[in-house]
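Colleague: Hi! I'm new to this one, so could you walk me through it? Please start with the empty spaces inside.

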Amino acid sequence: MAISRRDLIKLSVSAGAALSAPSILRAQAASSDTRLLRLVMDGLPSIFDPLVSTATNTHTHALAIYDSLFAFDSQRVARPQMIGNWGISEDRKTYTFALRDGLGFHDGTRVTAADCVASIRRWGAASPAGKLLMERAKDVSKKDDGTFEIVLREPFGLVTHMLASPIQFLAVMREKDANLPPTEQVTDNIGSGPFKFNHALAKPGANFTYDRNEQYVPRKDPPDGLAGGKIVKVDRVIWENITDQQTALAALQAGEIDFLLSCPPDSFSTIESDPNLQLQVVLAGGDAFFLRVNFLQPPFDNAKSRQALLHLVDQEAFLRVIAPDSKYGHPITSMFGNGSPYSNDENTGWYTKGGDPAKAKQLFKEAGYAGEKVVILDSTDWPQGDVSAQLLASELRKIGVNAELAPSDWASIVARRANKGPVEGGGWNIHISTWPNLALSDPMGTALLQANAENAWYGWPKNDEYEALRAKWAEVETMDERKALARKMQHIWWDFVGAVFLGLAVQPSARRKTLTGVISSELGVCPMWNMEKA
């Protein structure tokens, strides 16, 4: 039976409502305290370590409490953050970095070069950008308490770009924390960033509290993207967990919260007509919605089954439930995202409006599909992911695929997607997620664009020919060479189907007009600093 958009949204709302806890806020009077902010982001983080999870809520949390050596500005240019001065040797193999004054951890200890070296080494074992840099590094070492060096085997012009890479970013931790292997989560939540995590007030499942770090010394540059001065203009931020978007919107209208990162798609006119509310595109680059299959388990260990999904997906249909307002949603056909210098149309003949279910059915048959159960992870507390999973299951069933939804909250999906085993052992076949559109232009720093088997992002694709081309990305010097390389990479990518896009959506946020200073950028995350409440 076909599922309408209206039915899908009803299902989404009812699932979210079951998990929401509106009484948490309803019991509180609307606050006029200008030094306190209440925000609703996309779910509370269940993992606090930015090297253990690529989840956006983990990233948002880590940006608040940790600082970084470099950071991207709004134009994706790497700018010094914790670094005061730096230089390159004449042979361009030795980079020397001096920390700026005033850096200290939340426990009162000083940030030293030893902390930075340990953090670089840990990041270099986990992050795609870090691995790339460490493969080229001969040594990373402390010179004195405030200075460290990175010595390369050969000149490499992307050193600061890698150090600023925002996904699985290089969060500088205390040396004792950074000495933990990247497979072991750091949970002390003690960084040197502009906010302190308040452990005493933490209420998992309800809210987390972040206090202004009174000892933090921001850069004097104006804030720009994730770079510049991280100036905290409030005393406390409370990150509330309201899983039902309609409930969150009602809290915003009542003044019980100040900011809502993701608005219900059918609420824009309501927000625009409210004299106290303002729509703002905070995540300006948009998010690429995609599905990732488990390459290790049938039926998607067969390339034809993966190609079947490419032909099955009708991006316009998915966009109607992800971003119903057409000005906020667009199809996406290049592995490099929309609007990047490397976006191209190589090997995109699979894309047709409306999809091609007959072709998809044929490819499943050629792959030898025999009715095996296909488990789709379904995040019931993420409405857009929930309706996407339900629509996908419906379309698969229409062509004879035994699709089964596995509903759970996002935190449980983050844990389950790490399972490489068969579905009978708690594994999975299809997982729906998003990635910042802008990040897709960086195949070296974006985990989704790796295809190096066990070392790849969840799903674990393997294609040696593609990986050989990806390795050349850091070596080419001109834009024309990169564009030519991008076409070759994309041709192979769509042959083995590294991921299947559902569409690109720009999700407006909503805030009370008393809240200003919310930083908009294309970097896929909303930092908490610079916000000010009148």
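Colleague: Which elements each supply at least two residues of the lining of the second largest cavity?
Modeller: Those are α3 (56–65) and β2 (70–72). One thing to keep in mind from the start is that this is a predicted model.

Colleague: Thanks. And which element gives the most to that lining?
Modeller: That is β2, with three residues in the lining of the second largest cavity.

Colleague: How many residues line the second largest cavity, and which lie nearest its centre?
Modeller: The lining has 14 residues, and Ser68, Phe70, Ala71, Ala164 and Phe169 are the ones nearest the centre. By type, the lining of this cavity is made of 10 nonpolar residues, three polar ones and one charged.

Colleague: What volume does the second largest cavity have?
Modeller: About 80 Å³. The structure holds eight cavities of 30 Å³ or more.

Colleague: How does anyone find empty space in a model?
Modeller: A probe the size of a water molecule is rolled over the atoms, and that shows where empty space is left.

Colleague: OK, pockets now. How much space lies in the second largest pocket?
Modeller: About 530 Å³. The second largest pocket is lined by 24 residues, and Leu51, Val52, Gln168, Ala456 and Tyr458 are the closest to its centre. Two or more lining residues come from each of α5 (128–136) and α14 (410–416).

Colleague: How do the residues of that pocket's lining divide into nonpolar, polar and charged?
Modeller: For the second largest pocket, 15 are nonpolar, six are polar and three are charged.

Colleague: Let's stay with α5 for a bit. Which residues of α5 are buried?
Modeller: Pro128, Ala129, Gly130, Leu132, Leu133 and Arg136 are the buried residues of α5.

Colleague: And what covers the buried residues of α5?
Modeller: The cover includes α4 (113–124), β6 (137–144), β7 (147–152), α6 (159–163) and α15 (464–471). There is also a detail at the start of α5, where a side-chain oxygen of Ser127 comes to within 3.2 Å of the backbone nitrogen of Ala129.

Colleague: You mentioned α4. Where is Thr112 placed?
Modeller: Thr112 sits in the loop between β5 (94–99) and α4. Beyond neighbours within four places in sequence, Thr112 is in contact with Leu99 and Asp145.

Colleague: Why is Thr112 called buried?
Modeller: Because its relative accessible area is 18%, and buried means under 20%.

Colleague: New topic: is Lys483 buried, exposed or partly exposed?
Modeller: Lys483 is partly exposed, with a relative accessible area of 39%. Lys483 lies in helix α16 (residues 479–496) and touches Pro341 and Tyr342, not counting residues up to four places away in sequence. The C-alpha atoms of Lys483 and Ser343 are separated by 8.3 Å, although these residues are 140 apart along the chain.

Colleague: What about Leu277, buried or exposed?
Modeller: Leu277 is buried, at a relative accessible area of 3%. Leu277 lies in strand β12 (residues 277–280). Among its contacts, leaving aside neighbours within four places in sequence, are Leu252, Ile271 and Arg511.

Colleague: Last one. What is the mean pLDDT of the protein chain?
Modeller: The mean is 92, and 94% of the residues reach 70 or more. Over residues 1–30, though, the pLDDT is below 50, and this stretch has 50 contacts in the model beyond near neighbours in sequence. Where pLDDT is low, the predicted coordinates should not be read in detail.

How values were computed: Residues numbered from 1 in each chain as written. Heavy atoms only, no water. 1 Å grid on protein atoms, 1.4 Å probe; cavity = no way out; pocket = protein on both sides within 12 Å on 5 of 7 lines; lining within 4 Å. Points joined across faces, edges and corners; volume = space filled by probe spheres on them. Helix = DSSP H or I, 4+ residues; strand = E, 2+ residues; numbered from the N terminus. Nonpolar A, V, L, I, M, F, W, Y, C, P; charged D, E, K, R; others polar. Buried < 20%, exposed > 50% of the residue type's maximum accessible area, 1.4 Å probe, protein only. Contact = heavy atoms within 4.5 Å. Polar contact = N/O pair within 3.5 Å; in protein donor to acceptor, adjacent residues only side chain to side chain. pLDDT = per-residue confidence, 0-100.
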